[in-house]
Amino acid sequence: MTTLTPRKPAIPQPGGNIAPAPEPRPAQDPAWRELVDAVRDSGRYATRPEAESVTRIVLSALGGHVVGDERVDLARALPEEAARVVASQVPATRPLTAAEFVDSVAARIEGATPATARWDVSSVLSVLPPLVGDELVTRILNQLPPGYALLFGRAELTPAA
C-alpha cells in the first residue's frame, strides 16, 4: 500500500504573502464516492483521500491509453467525476506494456515502487468490471497490449497455437 502525501503549491498573494493552494473540492457525486470506497476496500487504503488520489492517478493514466469508442463507452459507464478524469487525458503517443503502464503510475505517486504501484493499479482497475461491465472491459483489453488483464483482476489467457 502506498501512502500519499499531497503537496500544496504556494500561491503568491498581493503584498508578497504566500498562501497554500486551496484544497480540491471533494466530489459530491454518490457514484464517485462508491467507486472510491470500492477502491479503498480493494486496496485496503487507510483513508478516503488516499483512495481518491490513487483512483484519480490510475484513471488518468488509463484515460491516455484507451481510445476510440472504448474510451467514450468507458467514460459513459463511469461516475461523472471519473468520466472527467478519463476523458480529459491526451491520448498516448505509443501503447505502453502493462509493466510500463505500472511504472508510469509509479512515477506519478510520491514514494511509490513498481510493487506498490502495481497494487495501486490493480486496486483501481479490478473494481471496474462490475461497474462498467465485462463486455466493455474485454473490448478495452483487446485494445491494450498483453499483460493488462491481470491488472483488471482477470486471468491472462493465451490462445493455443
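**Getting to know this chain**

In this predicted model, buried residues account for 40% of the chain's 161 residues.

Me: How many helices and strands does the chain have?
Reply: Reading along the sequence, you meet the pattern β-β-α-α-α-α-α-α-α-α. Put as a tally, the secondary structure comes to 8 helices and 2 strands.

Me: What share of the contacts between residues at least 6 apart in sequence join residues at least 24 apart?
Reply: Leave aside pairs that sit fewer than 6 places apart, and look at the contacts that remain in the chain. Of those, the share joining residues at least 24 apart is 64%.

Me: And the surface: what percentage of it belongs to carbon and sulfur atoms?
Reply: The chain's accessible surface is about 9,100 Å². The part of that belonging to carbon and sulfur atoms is 58%.

Me: Which loop holds Arg44, and is Arg44 buried or exposed?
Reply: Arg44 sits in the loop between α1 (30–43) and α2 (48–63). Arg44 isn't a glycine, yet it has a positive phi of about 55°. Its relative accessibility is 62%, and the cut-off for exposed is over 50%, so Arg44 counts as exposed.

Me: Are α1 and α6 roughly parallel or oblique?
Reply: Helix α6 covers residues 114–125, and its axis lies 8 Å from that of α1 where they pack, at an angle of about 135°. Roughly antiparallel would need an angle over 145 degrees, and roughly perpendicular would need 65 to 115. The angle of about 135° fits neither range, so α1 and α6 are oblique.

Me: How many charged residues are in the contact of α1 with α6?
Reply: The crossing of these two helices, α1 and α6, is right-handed. On the α1 side the contact is made by Val39, Ser42 and Gly43, and on the α6 side by Trp119, Ser123 and Val124. Sorted by class, that gives 3 nonpolar and 3 polar residues, and the charged count is none: no charged residues.

Me: What about His65: buried or exposed?
Reply: His65 is in the loop between α2 and α3 (68–77). Its relative accessibility is 15%, and buried means under 20%, so His65 counts as buried.

Me: Which residues does His65 touch, not counting those up to four places away in sequence?
Reply: Start with the partners numbered in the nineties and just beyond: Ala92, Arg94, Pro95, Leu96 and Phe101. Further along the sequence, His65 also touches Gln143 and Leu144. Put together, His65 touches Ala92, Arg94, Pro95, Leu96, Phe101, Gln143 and Leu144.

Technical notes. Residues are numbered from 1 along each chain as its sequence is written. This is a predicted model: local features need pLDDT of at least 70, side-chain atom pairs count only at pLDDT 80 or more; totals for chains, interfaces and linings use all residues. Side-chain values use heavy atoms; hydrogens and water are left out. Helices (H or I, at least four residues) and strands (E, at least two) are DSSP runs, numbered from the N terminus. Buried means under 20% relative accessible area, exposed over 50%, partly exposed in between (1.4 Å probe, protein chains only). Contact means heavy atoms within 4.5 Å. Accessible areas come from the Shrake-Rupley method with a 1.4 Å probe; for residues, only the protein chains shown count as cover. Axes are lines fitted to C-alpha atoms, for helices over the stretch in contact, and angles run from 0 to 180 degrees between N-to-C directions. Angles under 35 degrees count as roughly parallel, over 145 as roughly antiparallel, 65 to 115 as roughly perpendicular and the rest as oblique. A crossing is left-handed if the near helix is turned anticlockwise from the far one by less than a right angle, and right-handed if clockwise. Ala, Val, Leu, Ile, Met, Phe, Trp, Tyr, Cys and Pro count as nonpolar, Asp, Glu, Lys and Arg as charged, and the others, Gly among them, as polar.
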